[in-house]
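This report describes selected residues, one pocket and the surroundings of two ligands. The structure under discussion is shown below.

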Amino acid sequence: MSAAAVSMLDASSLRGPRFAALPPLALYVHIPWCLKKCPYCDFNSHEARGDVPEDRYVDALIADLELALPSIWGRKVVSVFIGGGTPSLFSAAAIDRLLAAIRARVPSSPEAEVTLEANPGTFERAKFAGFFAAGVNRLSVGVQSFDPKHLAAIGRVHDANEARRAAEAALTIFGNVNFDLMYALPRQTVAEAEADVAAALAFSPPHLSFYHLTLEPNTLFHRYPPPLPDEETAADIEDAVHAKLGAAGYEHYETSAYSHPGRQCRHNLNYWRFGDYLGIGAGAHSKLSFADRIIRQVRCKQPKQYLEQIAAGTPVLEEGIVTRADIGFEFMLNALRLTDGVPAALFAERTGYPLALIQRELGAAEARGLIERDSTTIKPTALGQRFLNDLQQIFLKS
Ligand SMILES: C[S@@+](CC[C@H](N)C(=O)[O-])C[C@H]1O[C@@H](n2cnc3c(N)ncnc32)[C@H](O)[C@@H]1O
Ligand code: SF4
């Protein structure tokens, strides 16, 4: 190889990403309060003691969005997700003001998916109808379980009847609904988990998220572990849940997500396909691409500090560039969660680097039987889905 060719190679191996077109952009809005902190939850959520300062917080979100506008200039938002915490703690009037402010500042299409997370403990029919009138067109209900004993064991504020009432009203008002459910709950048997799936299926929601209850550090359950099913029972529960949902016509399209055909969550799909997202609100994360770099941001976590930082015009606590060394892992961390994987061309489209950057890692994953690939697609095998962590770790550059 000539000296000129060598130095060209060096230059190209050092350069940052190059995008033909920027990835689709989604907007995430974080509401950091809940009625009560659940003992298993490590989300940025804080027990609302007394009144939540919703007007001040909506003002702060609008200011946050305005401060961020230069970083998304001219771009259209494909979906909005108001998550938490418990966004359904807020009044319909507050959500209406928030969504109107977003529409006035960021272009989006009338068909854009707009999801709001709701806890059955905050259910009021008029309020849910008000969220719909405000422009929310998809409701994600935190049901967790339909079994009163398990709801009590995981410290939920609502009982099974409230969960049912909220689920029913959500389907009547929104139609486009997700239920969050968890399995491998304290002392749960396979038969009880199956009964929970059957209870959810009776509503036939277009989307279901089924999460394996995990003991997260910094939670009460981590400090005082409840009697969880052993590994073998948990695996049997998981198999039973998958089988029942599959038989009912749900597509298991992502590690924890099931939907009727064509009813996948567009907002979450954008994360898994390594799209961009602007996150506003306390502790929200962003990933934004520019012509020559990809950045990540995290906003102040504590609601009080966030409100102060907004007043000072500096809500972003940390910001960094995603490096060439990290990009393969970051892309695969998301893409390999998808049952059907991703088109091979998506890597270059969404990272701005050629697929050759991770050729060695792809070869290693294939040799271990964890992925399948051809010239058009990269997807995890059944073994890769089962050992997803090990598969993702292959793409970590030391
Ligand atoms: C932000 S919450 C959803 C809305 C609302 N806060 C609620 O809980 O009703 C997101 C979901 O993550 C899941 N989740 C939270 N902590 C979990 C854990 N430790 N293990 C498994 N799933 C968890 C729950 O299913 C929860 O509904
Ligand atoms: S699970 Fe939901 S309601 Fe419970 S603390 Fe976490 S965010 Fe709040």
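## F179 in strand β7

In this predicted model, F179 belongs to strand β7, which covers residues 177–183. The relative accessibility of F179 is 0%; because buried denotes a value under 20%, F179 counts as buried.

Leaving aside neighbours within four places in sequence, the contacts of F179 include V141, V143, F146, L171, A200 and F203. P205, H207, L208 and S209 are also among the residues that F179 touches. A further contact is A167, whose C-alpha atom lies 7.7 Å from that of F179, the two residues being twelve apart in sequence.

## D276 in strand β11

Strand β11 consists of residues 276–280, and D276 lies within it. Is the residue D276 buried or exposed? D276 has a relative accessible area of 0% and is therefore classed as buried.

The side chain of D276 is joined to that of R75 by a polar contact of 2.9 Å. R75 also appears among the residues that D276 touches beyond four places in sequence, together with P23, P24, L25 and A26. Others in this set are N270, K287, L288 and S289.

## T381 and L220

T381 is located in a loop, between strand β17 (377–380) and helix α15 (382–386). Its relative accessibility is 12%, so T381 counts as buried. A polar atom of the T381 side chain lies 3.0 Å from the backbone nitrogen of G384. Not counting residues up to four places away in sequence, T381 touches G369, L370, I371 and E372.

L220 is found in helix α8, which comprises residues 220–223. With a relative accessible area of 45%, L220 is partly exposed, whereas T381 is buried. Between L220 and D326, which are 106 residues apart along the chain, the C-alpha separation is 33 Å.

## The second largest pocket

The volume of the second largest pocket is about 240 Å³. Its lining comprises 15 residues, of which K37, C41, D42, F43 and N218 are the closest to the centre.

How many residues of the lining of the second largest pocket are nonpolar, polar and charged? The lining holds six nonpolar, six polar and three charged residues.

## Surroundings of ligand 1

Ligand 1 has 18 residues around it, and those that come nearest are G84, G85, Q144, R156 and D180.

Several atom pairs describe the placement of ligand 1 in more detail. A polar side-chain atom of D180 is 2.7 Å from an oxygen atom of the ligand. On the backbone side, an N or O atom of G85 lies 2.8 Å from a nitrogen atom of ligand 1. A polar backbone atom of Y40 is 3.0 Å from a nitrogen atom of ligand 1.

## Surroundings of ligand 2

Which residues surround ligand 2? They are C34, K36, K37, C38, Y40, C41, S45, G85, T86, N119 and R156. By class, this shell divides into four nonpolar, four polar and three charged residues.

Some of these residues also appear in the preceding sections. G85 and R156 belong to the shell of ligand 2 and are among the residues that come nearest to ligand 1. Y40, likewise part of the shell of ligand 2, has a polar backbone atom 3.0 Å from a nitrogen atom of ligand 1. K37 and C41 are around ligand 2 and are also among the residues closest to the centre of the second largest pocket.

Definitions and conventions. Residues are numbered from 1 along each chain as its sequence is written. Chains are lettered from A and ligands numbered from 1 in the order in which they are written. This is a predicted model: local features need pLDDT of at least 70, side-chain atom pairs count only at pLDDT 80 or more; totals for chains, interfaces and linings use all residues. Side-chain values use heavy atoms; hydrogens and water are left out. Helices (H or I, at least four residues) and strands (E, at least two) are DSSP runs, numbered from the N terminus. Buried means under 20% relative accessible area, exposed over 50%, partly exposed in between (1.4 Å probe, protein chains only). A polar contact is a pair of N or O atoms within 3.5 Å; within protein, one must be able to donate a hydrogen and the other to accept it, and residues adjacent in sequence count only if both atoms are side-chain atoms. Contact means heavy atoms within 4.5 Å. On a 1 Å grid over the protein atoms alone, a cavity is a set of points where a 1.4 Å probe fits but cannot get out, and a pocket is an open set with protein on both sides within 12 Å along at least five of seven lines; lining residues have an atom within 4 Å of a point. Grid points are joined across faces, edges and corners, and a volume is the space filled by probe spheres set on the points. Ala, Val, Leu, Ile, Met, Phe, Trp, Tyr, Cys and Pro count as nonpolar, Asp, Glu, Lys and Arg as charged, and the others, Gly among them, as polar. A residue is near a molecule or strand if one of its heavy atoms lies within 4 Å of it.
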